[in-house]
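Colleague: Got a minute to go through this model with me? I'd like to start with a bit of helix packing.

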Amino acid sequence: MIKNILNKLPRKQGKLVENRDGRSSTFSSNVSTASRNNNTPGSRSGNSNAGSHSGINSTLNSSVNHGNKLPHILNMKENGNTGVLPYELLPSFKDVPNVEKQNLLIEKLNLCCVVFDFTDPTKNLKEKDIKRQTLEDIVDYITSAKGKFPETVMQEIVRMVSINLFRTLYTQPREKKVLEAFNLEEDEPLMDPAWSHLQIVHEFLLRFVASPETDAKLAKRYIDHFFVLRLLDLFDSEDPREREYLKTVLHRIYGKFMVHRPFIRKAINNIFYRFIFETEKHNGIAELLEILGSIINGFALPLKEEHKLFLVRVLIPLHKPKCVPTYHQQLSYCITLFVEKDCKLADTVIRGLLKYWPITNSSKEVMFLGELEEVLEATQPPEFQRCMVPLFRQICHCLCSSHFQVAERAFFLWNNDHIENLIKQNREVILPIIFPAFEKNARNHWNQAVKSLTLNVQKIFSDTDPELFEECLLKYQEDEAQEEEIKIQREAAWKHLEDIAAVKVSINKPVLVSHRISTNPLSG
């Protein structure tokens, strides 16, 4: 009788069932273990303010209400002794009446809360396949569901998603590398071994968020700030397939839950701040910028001060890290969108680019020139005039660069009709700045293609304003003659010093030379 009473008591899912010989059961992953691992200190996806949010915490503890449907499946006894945990496939939705489908969905969600170890591909093959089939079944059900999802179902959905996705990110063991020599482009991406399950969970979350049957006012209790933070932590995953799913899911959450929009933008900003000023290491910067590109595209005009500060404090400093080639395309798109929405920001953007302009990295310099062309294409004459002097001083350095790709990319600016017109309208200021680069290239540059481009651009200026071109040529020749004279005087001064030193070398007396002697080598 006592045994019958004990058998009726609810059992915890989190307790491992042991075999007759005292060893643990055939699979050790379970709901409690998974949720406990999610909050392990020091994990890459951990968050310090986990205890301050109640949405996910309530879902993780919801097994009190609905978790009692699964233990009779997981915890069975054979011949009075504790045996191997059975993990059996539940009936399909099409095999049960409509009134029981909701209860079956909750049972299937509970079944999917068991997390398996994929580091050993030979372990729990049958159970892994059962979970995969169950996940696919609930994805189909969510897609074709009719009628709003009740709160109990939402609670279990978010609980299952949290247990499966919010984990310590799998990292590939690497040899120790010097930071400067670490090239993210050449490094092969890491594929998560559990992707066969993770992909379906991501697809399930995407369809749940996008479903018209998901009531945003009700779902925001569970897809809350804490859930969003944990989702953003996953963007540091090394698996590009997961980051692609996360990008789509976060964008759908941003669109559906308007109340979360300011928080999402602020949380993304914090990721960027840490990346720019602390770590310079994050795998999901490109995907986050792609999401922001869509968000920026929807900004209303006139732009809020908050959005302009985001441009100045986040987007422009993102040009600083060494790994900017991995996300430069998305960054350039976001920058250009700001200039297209508010042309007055062109001066701020161009001066920001000049601030972070690379000095020794030629490939990065080529990228900056490409981005500069896109910005200039959206720049109006008043903003162009504010920054054209420092801008063309930098372009002058690029035009006469010994790296032929940098010089070519700089000359290609004249292929853009809008930029060429801006230059022609302000040629009185611009041509004297860049004319020395033309003469140096025409005489001394080693690359024939650069020489040809130089002659073509020179011809554009000479045809547009022959008098200004001739004036710049005469000025260059005068400056060149003056430089040659200064060079001769400098050499003569050094020769004079050497003669004085040779006279007094025998007595080991220090040589004192006045300023007049150094500037007038013919005296004395």
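Colleague: How are H18 and H21 oriented to each other?

Modeller: This is a predicted model, and in it H18 and H21 are roughly perpendicular to each other. Helix H18 covers residues 362–377 and helix H21 covers residues 417–425, and the two pack at an angle of about 75°. That value counts as roughly perpendicular because the class runs from 65 to 115 degrees.

Colleague: And how far apart are the axes of helix H18 and helix H21?

Modeller: Their axes are 9 Å apart.

Colleague: Which residues in H18 and H21 meet there?

Modeller: From H18 you have Glu373, Leu376 and Glu377, and they meet His418, Ile419 and Leu422 in H21. Sorted by class, that contact of H18 with H21 has 3 nonpolar, 1 polar and 2 charged residues.

Colleague: OK, switching to salt bridges. How many does the count come to?

Modeller: The count comes to 25 salt bridges.

Colleague: Give me one within a helix. What does Asp129 form a salt bridge with?

Modeller: Asp129 pairs with Arg132, and the closest N and O atoms are 2.6 Å apart. Both residues lie in helix H7 (residues 125–144), 3 residues apart, which is about one turn of the helix.

Colleague: How does Asp129 count, buried, exposed or partly exposed?

Modeller: Asp129 counts as partly exposed, at 30% relative accessibility. Arg132 is in that class too: partly exposed, at 28%.

Colleague: Which residues are linked in a network with Asp129 and Arg132?

Modeller: Glu136 is the other member, so to speak: Asp129, Arg132 and Glu136 are linked in a network of salt bridges.

Colleague: What about Asp463, which side chain does it meet in a salt bridge?

Modeller: Lys459, at 2.9 Å from N to O. Asp463 and Lys459 are both in helix H23 (residues 448–464), and because they are 4 residues apart, about one helical turn separates them.

Colleague: Is Asp463 buried or exposed?

Modeller: Exposed, with a relative accessible area of 53%. Lys459 also counts as exposed, at 51% relative accessibility. The cut-off for exposed is over 50%.

Colleague: Now one that links distant parts of the chain. What does Lys308 pair with?

Modeller: Lys308 forms a salt bridge with Asp342, and the closest N and O atoms there are 4.0 Å apart. The pair links distant parts of the chain, with the two positions 34 residues apart: Lys308 is in helix H15 (residues 305–315), while Asp342 is in the loop between helix H16 (328–341) and helix H17 (346–355).

Colleague: Are Lys308 and Asp342 buried or partly exposed?

Modeller: Lys308 is partly exposed, with a relative accessible area of 25%. Asp342 counts as buried, at 17% relative accessibility, because the cut-off for buried is under 20%.

Colleague: Different topic: where does Leu90 sit?

Modeller: Leu90 is in the loop between strand S2 (81–82) and helix H6 (98–111). At 13% relative accessibility, Leu90 counts as buried. Leu90 and Gln133 are 43 residues apart in sequence, and their C-alpha atoms are 9.7 Å apart in space.

Colleague: Last bit, the whole chain. How many helices and strands are there?

Modeller: The secondary structure comes to 25 helices and 2 strands. The chain has 524 residues, and 47% of them count as buried.

Colleague: And what is the accessible surface of the chain?

Modeller: About 27,800 Å², with 52% of that belonging to carbon and sulfur atoms. As for contacts with a separation of 6 or more, residues 24 or more positions apart account for 76% of them.

Methods
Residues are numbered from 1 along each chain as its sequence is written. This is a predicted model: local features need pLDDT of at least 70, side-chain atom pairs count only at pLDDT 80 or more; totals for chains, interfaces and linings use all residues. Side-chain values use heavy atoms; hydrogens and water are left out. Buried means under 20% relative accessible area, exposed over 50%, partly exposed in between (1.4 Å probe, protein chains only). Contact means heavy atoms within 4.5 Å. Accessible areas come from the Shrake-Rupley method with a 1.4 Å probe; for residues, only the protein chains shown count as cover. Axes are lines fitted to C-alpha atoms, for helices over the stretch in contact, and angles run from 0 to 180 degrees between N-to-C directions. Angles under 35 degrees count as roughly parallel, over 145 as roughly antiparallel, 65 to 115 as roughly perpendicular and the rest as oblique. Ala, Val, Leu, Ile, Met, Phe, Trp, Tyr, Cys and Pro count as nonpolar, Asp, Glu, Lys and Arg as charged, and the others, Gly among them, as polar.
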